[in-house]
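Biologist: Please show me the model. Then I will ask how each term is earned.

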Amino acid sequence: MVRKILMITTALVLGGARSGKSTYAERLVEETGLNPVYVATCPPADDDAEMGERIAVHQARRGPAWRTVEEPIALADAIAREAAPDRALLVDCLTLWLSNILFAEEDIAVRTRELCAVLSVAKGPVVLVSNEVGLGIVPDNALARRFRDAQGRLNQEIARSAELVVFTAAGLPLALKGQLPS
Amino acid sequence: MVRKILMITTALVLGGARSGKSTYAERLVEETGLNPVYVATCPPADDDAEMGERIAVHQARRGPAWRTVEEPIALADAIAREAAPDRALLVDCLTLWLSNILFAEEDIAVRTRELCAVLSVAKGPVVLVSNEVGLGIVPDNALARRFRDAQGRLNQEIARSAELVVFTAAGLPLALKGQLPS
Amino acid sequence: MVRKILMITTALVLGGARSGKSTYAERLVEETGLNPVYVATCPPADDDAEMGERIAVHQARRGPAWRTVEEPIALADAIAREAAPDRALLVDCLTLWLSNILFAEEDIAVRTRELCAVLSVAKGPVVLVSNEVGLGIVPDNALARRFRDAQGRLNQEIARSAELVVFTAAGLPLALKGQLPS
C-alpha cells in the first residue's frame, strides 16, 4: 500500500452537533499516514451517560492503530508532549475543553495563548475539532451567552494560525481556508 | 419554450429557518422540466396556526402545475408510489417528518433505512428539504438534544447518497456536494 | 500609498455570534479607500452593560479615520443622509436594528422596503452586518421564533439586491454571492 502523505501542520474542523466533524477530522489524521493519537478533552470516568455513550461510539469507529490520551485542561502540555514527526494528533474537541476551562474557572485567554503557542511549534500535524455554536437565537441565560462568545473567539484564534479550516454540515466538508485533500 | 432538463436523482437542500431552502428546492424541481409533485410531511388539518399559515404561503407561491400529496410518517411509501420518470418530487420537509416520527414513537433508524432504500431506486428525481439545527448552543432539555442529534444523523444519511447537497443562507445556495445548476 | 478601490455598492456580511463579521465588514469598508462612516444601530446611552462593552471594543479597533453616526430605527434616512461618492458606510448591525424595530412595534415590512429602496440608489458603498440566527433548534418561546423568522426574511431581502454576500465563521469569509476581494 502506498502511504498518502497529507502535509498539514494545524487543521481546524468546525461544525454543528452531529455534522460529521469528528469523522472528517479522523479521516484527515489517517490521510497523513502517520501514527494516529486521539487527544480526548474529557476524562474517561465522566459520569455523564450521554457523553460516555458518544465516546464509546467514537472509539469503536477508530481502529486499533489509534492511541488515546486524555487531557481535560492542560491541552497545550498534552500536545507538546505527544506531537512528533511520525505522529498525527486529533484533538476532540475544543468545545468540551472550553467547557472544562470555564467550569474550572481557569483563564481561557491564558490557556488559548498557550495552545496557540504550542501549535505554532508542534513537531507533527494536529487536527482540532470544534463546534460552531453562534448561529442560533441569542440564548436566554448569561452563562450560555458567555460560552458562545468564548467559543467564537477561540475558534477565530485557532483558525487564524491554522493552515486548513473546514466547516462540516451533513457530513460534508467545505473549505473555509486552505485546500481540502482530494 | 425549451425544457431545461436538470438531471438529478436525489438532492438535499439544507438550511436554517427562513433561509430560502423551500424556494430553492422548488426551483430545482421546476428546472427538471418534469411534472412537479409536492410531498408535504404534515397533514392539512394541522391545528397549529403558525404552521398552517406557512403552508398557505408555500402553496400560493407554487403554481397550479404542482400536485400535492400528504404523508406525515410513511414517507418511503409515498415516494415509492409517486416517483415516476415524468415527475419530480419535492419533500418538504425532513425536519417535520422527523418530528412526526419521534412524536409517534416510531423507530427513526428503521424509517431512515426505508427512506434511503427507496431513494436509491426512485424512478424520478426527488428533492428533499431539511433543517440544519446543530449550530446553536447545546439545548437545555434532553428532548431537544435528542432531536438535534437525530436530525444531524438523518441529514448525514441522506447527504451520503444524494448527488447534490446544497446549503442555503439568506436565500442563497452553496454547494456542499455536486454542482449547482447554473 | 496607492489607494485600493474596491468597487461595491451593497455588501451583506452574515455570520454567527463572534464569527468575525464586524471585523471583516470593516476591512471591506477600508478597502474601498473611501472615508469610512460607522452607522451604529444602537444608541450610545444604551444601559445594557454587555452591549456597551462590545461597542467600546469595536470603537477601539476602528481607527480615528472613522466617523460614527447612530440610528436605532430610521436606518434608511441615515443611509440616505450619509452615503456619498467619497464615503463608505458600515451598518452594524441589522440584527440590533430589527430588534429595535420589533421592540418599538414598528412595521418591519415597511422599514425593510424603505431600507432596500435607499440601498438601491445609495451614492456610495454600504456594507451591512447581520446575524444568521436560524441554525439552532426551534426556540421555545413565540417571540424568539418570530424574531428568527423576521431576521431570516430581512437577510433574504438584503441579499437579493446586494452585489456581495459573505458568510463568516471562525473569522473566515465565504462568498455566498459575488467575489471576495483578494
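**Axis and interface**

Modeller: Gly136(A) comes closest to the rotation axis of the residues of chain A, at 2.5 Å (C-alpha). This is a predicted model: local features need pLDDT of at least 70, side-chain atom pairs count only at pLDDT 80 or more, and totals for chains, interfaces and linings use all residues. Residues are numbered from 1 along each chain as its sequence is written, chains are lettered from A in the order in which they are written, and side-chain values use heavy atoms, without hydrogens and water.

Biologist: Why are chain A and chain C said to be related as by a three-fold rotation axis?

Modeller: Copies are superposed by least squares on the C-alpha atoms of residues with pLDDT of at least 70 in both. A turn of 120 degrees and a shift of 0.0 Å along the axis lay chain A on chain C, with an RMSD of 0.0 Å. The two copies are therefore related as by a three-fold rotation axis.

Biologist: What makes Arg18(A) and Asp149(B) a salt bridge?

Modeller: The rule asks for a side-chain nitrogen of Lys or Arg within 4 Å of a carboxyl oxygen of Asp or Glu. Arg18(A) and Asp149(B) meet at 3.5 Å, N to O, so the pair qualifies. The count between chain A and chain B is one salt bridge.

Biologist: How many residues are in contact between chain A and chain B?

Modeller: Contact means heavy atoms within 4.5 Å. By that rule, 24 residues of chain A touch 19 residues of chain B.
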